[in-house]
Amino acid sequence: DLFVYLYAASMKFKSTRGISGCTLEQCISSGYALDGGLFMPEEIPKVTIDDLLKWKSLTFQGLCVEVLSLFAGDEIPRTDLKTLVKQGFDDFT
């Protein structure tokens, strides 16, 4: 089942008060954890020296896409993430 694959491949988030195993979608749609805590990743993504070297020539928007993709996993397709980042910075001066 595709949904199960995407769910399993996505980063999980936990509450600062203890609830764990939440998806990005659950975090965004609820804002706060059910226990009143704030969401944070269960694991901090690893960034290698090679990643940093690849990223150093990116635009700020390109860098945002790369960093956010570490947290979005498969829950937000890369093309959608690029669109969201672009829209987020369209009126930014």
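Angles between helix axes count as roughly parallel under 35 degrees, as roughly antiparallel over 145, as roughly perpendicular from 65 to 115, and as oblique for the rest. In this predicted model, helix 4 (residues 60-72) and helix 5 (residues 78-89) pack with their axes 10 Å apart and at an angle of about 130°, and the two helices are therefore oblique to each other. The crossing that helix 4 makes with helix 5 is right-handed.

The contact between these helices is formed on the side of helix 4 by Phe 60, Gln 61, Cys 64, Val 65, Glu 66, Leu 68 and Ser 69, which meet Arg 78, Leu 81, Lys 82, Val 85, Lys 86 and Phe 89 in helix 5. By residue class, the contact of helix 4 with helix 5 comprises seven nonpolar, two polar and four charged residues.

The loop between helix 4 and helix 5 contains Gly 73, which has a relative accessibility of 27% and therefore counts as partly exposed. Although Gly 73 and Thr 23 are 50 residues apart in sequence, their C-alpha atoms lie 9.9 Å apart in space.

Thr 23 is also among the residues touched by Phe 13, when residues up to four places away in sequence are not counted; the others are Ile 19, Ser 20, Gly 21, Cys 22, Leu 24, Cys 27, Phe 39, Met 40, Pro 41, Glu 42 and Phe 71. Phe 13 belongs, in addition, to the largest nonpolar core, a set of six residues that is completed by Met 11, Cys 22, Leu 24, Cys 27 and Ala 72. In soluble globular proteins, nonpolar side chains tend to be buried together.

Key
Residues are numbered from 1 along each chain as its sequence is written. This is a predicted model: local features need pLDDT of at least 70, side-chain atom pairs count only at pLDDT 80 or more; totals for chains, interfaces and linings use all residues. Side-chain values use heavy atoms; hydrogens and water are left out. Axes are lines fitted to C-alpha atoms, for helices over the stretch in contact, and angles run from 0 to 180 degrees between N-to-C directions. Helices (H or I, at least four residues) and strands (E, at least two) are DSSP runs, numbered from the N terminus. A crossing is left-handed if the near helix is turned anticlockwise from the far one by less than a right angle, and right-handed if clockwise. Contact means heavy atoms within 4.5 Å. Ala, Val, Leu, Ile, Met, Phe, Trp, Tyr, Cys and Pro count as nonpolar, Asp, Glu, Lys and Arg as charged, and the others, Gly among them, as polar. A nonpolar core is a set of buried Ala, Val, Leu, Ile, Met, Phe, Trp, Tyr and Cys residues joined through side-chain atoms within 4.5 Å. Buried means under 20% relative accessible area, exposed over 50%, partly exposed in between (1.4 Å probe, protein chains only).
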